[in-house]
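Student: I would like to go through this model by its interior. Can we start with empty space and then move to packing?

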Amino acid sequence: MTELTDVGSTALWVALGRARESVRADRLFSDPLARFFVEAAGMDRLPESELAEPAALVGDYFAIRTRFFDDCTEHACAEGCDQVVVLGAGLDARAFRLDLPTGARLFELDLPEVLAFKERVIQASGLVPSCERLVVPADLREDWLGPLLTAGFAPDRRTVWIAEGLLPYLTGADARALLTVVHSVSAIGSRITLEHDDPAVFEAPLMRRMTELSGVDLVNLVGDGVRDDPLPWLAQRGWRTSATNPAERAVAYQRPVPPVFDPEVEGSAARAGVGQQFVEGLLVRAVSP
């Protein structure tokens, strides 16, 4: 369908979920670019028979997660963050979807091949971002701060860091290194929103079924190594934290709990004993552990 492979291909399934959400009468958001990504990848030509079961398993998960990260981004900007850094941006369209304050700058970081596909689709769509958008090709397992600084990132300005659907695909060591860099260049008042999964989540029977149906080997894409719990990790460094999960957000948004994360559904990831968390942090004091 496209040249995207491995982790990059997971972004296409997220885009499909966002495209479907955007045409609902009760939509949680409207993503103007999602359908263009889906069409460019040829996913709009997949027969409904191939999509029915994965759509049933994932439910409204991608819509719920997207809306939560949207809410956190808008709240952070309303509280004074004028830089948004989307780590592992994939096919995220917040620069086009959200009404960010005047003067806000949004940085998108991802692998060069992912951003190259994305830029071709955006240019063909004719859509323009609602804020200053800066694209930063970088491998988040290597030096990504240098390219971010070169693109104009200012460490002395309050920033909201977005890591949606990213950390599970890094090794424990790489995830720790990434968060360490984020902390080192965050001004007081900066915020972070991330998704935290224990690797065991991807071993759940329904997750394995999703792998079979999507053709994306989630289990083997997940990074190795021990995962730091982000709540105490951030708290020890001066961040005030809170956490929620997909089931709680589904209730808040008046949507059914996605089966793949429903503790009442046999084989769901929530029954693996670890589950998934959406974590928020506000840097209130700088601490060097």
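Tutor: Yes. Keep in mind that the model is predicted. The lining of the largest cavity takes its largest share, four residues, from helix 8.

Student: Which elements each supply at least two residues of that lining?

Tutor: Helix 8 spans 172-184 and is one of them. The others are a strand, 191-197, and a helix, 230-235. The full set is helix 8, strand 5 and helix 11.

Student: How do the residues of the lining divide into nonpolar, polar and charged?

Tutor: The lining of the largest cavity has 14 residues. Those nearest its centre are Leu167, Ala175, His196, Arg227 and Asp228. The division is seven nonpolar, two polar and five charged.

Student: How much space lies in the largest cavity?

Tutor: The structure holds one cavity of 30 Å³ or more. Its space is about 140 Å³.

Student: Which helix gives the most to the largest nonpolar core?

Tutor: The largest nonpolar core has 58 residues. Phe37, Val84, Leu100 and Met207 have the most contacts inside it. Nine residues of this core come from one helix, the top contributor: helix 4.

Student: How many residues has the other core, apart from that one?

Tutor: Among its members are Ala175, Leu194, Trp233 and Val279. Ala175 also lies among the residues nearest the centre of the largest cavity. The other core has 29 residues.

Student: Does Asp70 count as buried or exposed, and why?

Tutor: Asp70 is found in helix 4, residues 61-78. Beyond four places in sequence, Asp70 touches Phe29, Arg94, Arg97 and Leu98. Its relative accessibility is 3%, and the cut-off is under 20%, so Asp70 counts as buried.

Key
Residues are numbered from 1 along each chain as its sequence is written. This is a predicted model: local features need pLDDT of at least 70, side-chain atom pairs count only at pLDDT 80 or more; totals for chains, interfaces and linings use all residues. Side-chain values use heavy atoms; hydrogens and water are left out. Buried means under 20% relative accessible area, exposed over 50%, partly exposed in between (1.4 Å probe, protein chains only). Contact means heavy atoms within 4.5 Å. A nonpolar core is a set of buried Ala, Val, Leu, Ile, Met, Phe, Trp, Tyr and Cys residues joined through side-chain atoms within 4.5 Å. On a 1 Å grid over the protein atoms alone, a cavity is a set of points where a 1.4 Å probe fits but cannot get out, and a pocket is an open set with protein on both sides within 12 Å along at least five of seven lines; lining residues have an atom within 4 Å of a point. Grid points are joined across faces, edges and corners, and a volume is the space filled by probe spheres set on the points. Ala, Val, Leu, Ile, Met, Phe, Trp, Tyr, Cys and Pro count as nonpolar, Asp, Glu, Lys and Arg as charged, and the others, Gly among them, as polar.
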